[in-house]
Amino acid sequence: MVFRKPPDGGWGWVIVVVSFFTQFLCYGSPLAVGVLYLEWLDAFGEGKGKTAWVGSLANGIGLLASPVCSICVSSFGARPVAIFSGFMVAGGLMMSSFAPNIYFLYVSYGIVVGLGCGLLYTATVTITCQYFDKRRGLALGLISTGSSVGLFIYAALQRELIELYGLDGCLLIVGALSLNILACGSLMRPLESSSSPPPEKMCVDKVPDQYSVYHEKEKTVEENISILEKGYIDEKCVNNVPDCKQESILNKNVLSSINVNEKDTYKKKVVEQTNFCKQLAKRKWQLYLTYWKDTMVLFKNKVFSALFVAILLFDIGGFPPSLLMEDVARSANISEDDYYMPLISIIGIMTTVGKLILGILADFKWVNTLYLYVTTLLMTGVALFAIPFAKSYLTLAMLSGILGFLTGNWSIFPYVTTKTVGIEKLTHAYGILMFFAGLGNSLGPPIVGWFYDWTQEYDTAFYFSGFCVLLGGFLLLLAALPCWNACTHRSSKLPPNTYSYKVASNA
């Protein structure tokens, strides 16, 4: 598929709007799962670490499956994937309303909803990057605010729905709202080139076509032979009825000789099919080896290698507050009368602000997006260290706002990835990075919950979370320092197809 030059506007703004609402509808409930988390604790009576797996799977499984999601979007396109994923998200939410135990929720809410969200996220990011180049930072910032606005609204919406209709009714209504993703996905028109000729198909694609043509030719010859024989017999029977039986006997002898030729033709077809299968398997294996070779080339880039470590540690430490902050307030014996707004809603609205501001900053030429991303990591680590010292609603609300704003760095993460590896390898590299992000999302909340189950307090857990985020930020900062590029150029040249961040960021 050949793509036109990104228009940086036009139908691209429609893509931004529908991608915004897609992320709003699919991520609203999983990101605001902290409200449901308290209800599940009371309903099933399981430990905090065990119950936290539901929300962590919902937010992590889609990222863990990012390589598969990237392959699906590359193979089928963003629009079919978005429509199919809409059914997954809506169905998983509705199934969760009938959950008899926590293990059922692992599958219905954690895996089904999480995988649907992962597919939708990859589809929206990929098609937005195709439609925008100069304004890519702004576009990614706008669509990524959809999940944050969803977090802000769904946190209050799910609480109201639980009070009115109970937990089961809440999940049914939220699942019905998610069906609107189908309408959004139908508007994701692919950016294809209608004027330039398509590239030649690979040999793997040519082989089935060649075989099908061969098969059709063989079939046509056989049909023509049978038609001629039938016409010849009919003509003889009409013109000379007494000789009809004799001609039939002679025709049997002819057919017996033709059967010998058919056996040879059948053997020829078997040989053709066998060779085709061997060639197909060989070329598929070559494609598989090429994929892993390209992956190893990516990891030769020090910035990319540090980036996957940083995103893993950031999600282990930075994601739990959005899931557990409500329980942190309850564990600190903060009265519900002091609540002016749910802490999760504060995180959501400030994440929206952070994504917009950071996305706009990423479009300025004088801003190095990698250093901007590193700054958000270091500040997040400091904020996590401060959570154990917050003993009132006001201080927790301030820290929730700070963490929400810094979590908005998700809007510039695709931008950083693109500048690091190039737009040609964005899908491949982004899928790998999102796998490690999903691993962090899946492990973070259960680890914090287990810390609480062991110590009966959250202090140790958030010290651990802050350390993880700070470690990832410092590793990424060291890898991005200009002195490393200077040392590398002095010692040896970069391998082919490998991008240094200094070169890519100036492109």
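Helix α11, residues 302-318, makes a convenient starting point: at 1.5 Å a residue, its 17 residues should span 24 Å, and the end C-alpha atoms lie 23 Å apart, which agrees. The surroundings of α11 are mostly protein, in that 15 of its 17 residues are buried. As throughout this account, the helix is described from a predicted model.

Stepping back to the whole protein chain, the secondary structure amounts to 20 helices and zero strands. Of the 507 residues in the chain, 50% count as buried. Among contacts with a separation of 6 or more, 85% are made by residues 24 or more positions apart.

The largest nonpolar core holds 128 residues, and the members that touch the most others are L36, Y109, Y373 and L476. Helix α6, which covers residues 102-131, gives the most to this core, with 14 residues. Because domain 1 (1-194) and domain 2 (301-486) both give residues to the core, it lies between them. A look at L36 shows some of the packing: leaving out residues up to four places away in sequence, L36 touches S29, Y109, Q158, I162, L167, C170 and L171. Y109 thus appears both as a contact of L36 and beside it in the list of core members with the most partners.

Aromatic rings offer another view of the packing, with 16 aromatic pairs in the count. In one of them, the ring centres of Y373 and F413 are 5.5 Å apart with the planes at 45 degrees; as this angle falls between the cut-offs of 30 and 60 degrees, the pair is tilted. Y373 belongs to helix α14 (residues 369-386) and F413 to helix α16 (residues 413-421), so the pair ties together parts that are 40 residues apart in sequence. Y373 and F413 are both buried. A second pair, F451 with W454, is edge-to-face, with 6.0 Å from centre to centre and 75 degrees between the planes. Here the partners share helix α17 (residues 426-455) and stand three residues apart, so about one helical turn separates them. Their settings contrast: F451 has a relative accessible area of 17% and is buried, whereas W454, at 66%, is exposed. Elsewhere, F385, F389 and Y463 are linked into a cluster by ring pairs. A ring also meets a charge at W11, where the charged end of R189 sits over the ring, 4.2 Å from its centre.

Beyond α17, the loop between α17 and α18 (459-480) contains Q456. This residue has a positive phi of about 60 degrees although it is not a glycine. With a relative accessibility of 54%, Q456 passes the 50% cut-off and therefore counts as exposed.

K48, in helix α3 (residues 48-64), provides a counterpart among the polar residues. Its relative accessibility of 14% is under the 20% cut-off, so K48 counts as buried. Apart from neighbours within four places in sequence, K48 is in contact with Y37, L41, D327, G449, Y452, D453 and Y458. K48 is also 9.5 Å from L324, C-alpha to C-alpha, although 276 residues separate the two in sequence.

Note on methods: Residues numbered from 1 in each chain as written. Predicted model: local features only at pLDDT ≥ 70, side-chain atom pairs only at ≥ 80, totals over all residues. Heavy atoms only, no water. Phe/Tyr/Trp six-rings, centres within 6.5 Å; stacked < 30°, edge-to-face > 60°. Helix = DSSP H or I, 4+ residues; strand = E, 2+ residues; numbered from the N terminus. Buried < 20%, exposed > 50% of the residue type's maximum accessible area, 1.4 Å probe, protein only. Lys NZ or Arg CZ within 6 Å of the ring centre and 35° of its normal. Core = buried A, V, L, I, M, F, W, Y, C linked by side-chain atoms within 4.5 Å. Domains from an automatic or database assignment. Contact = heavy atoms within 4.5 Å. Expected span 1.5 Å × (residues − 1).
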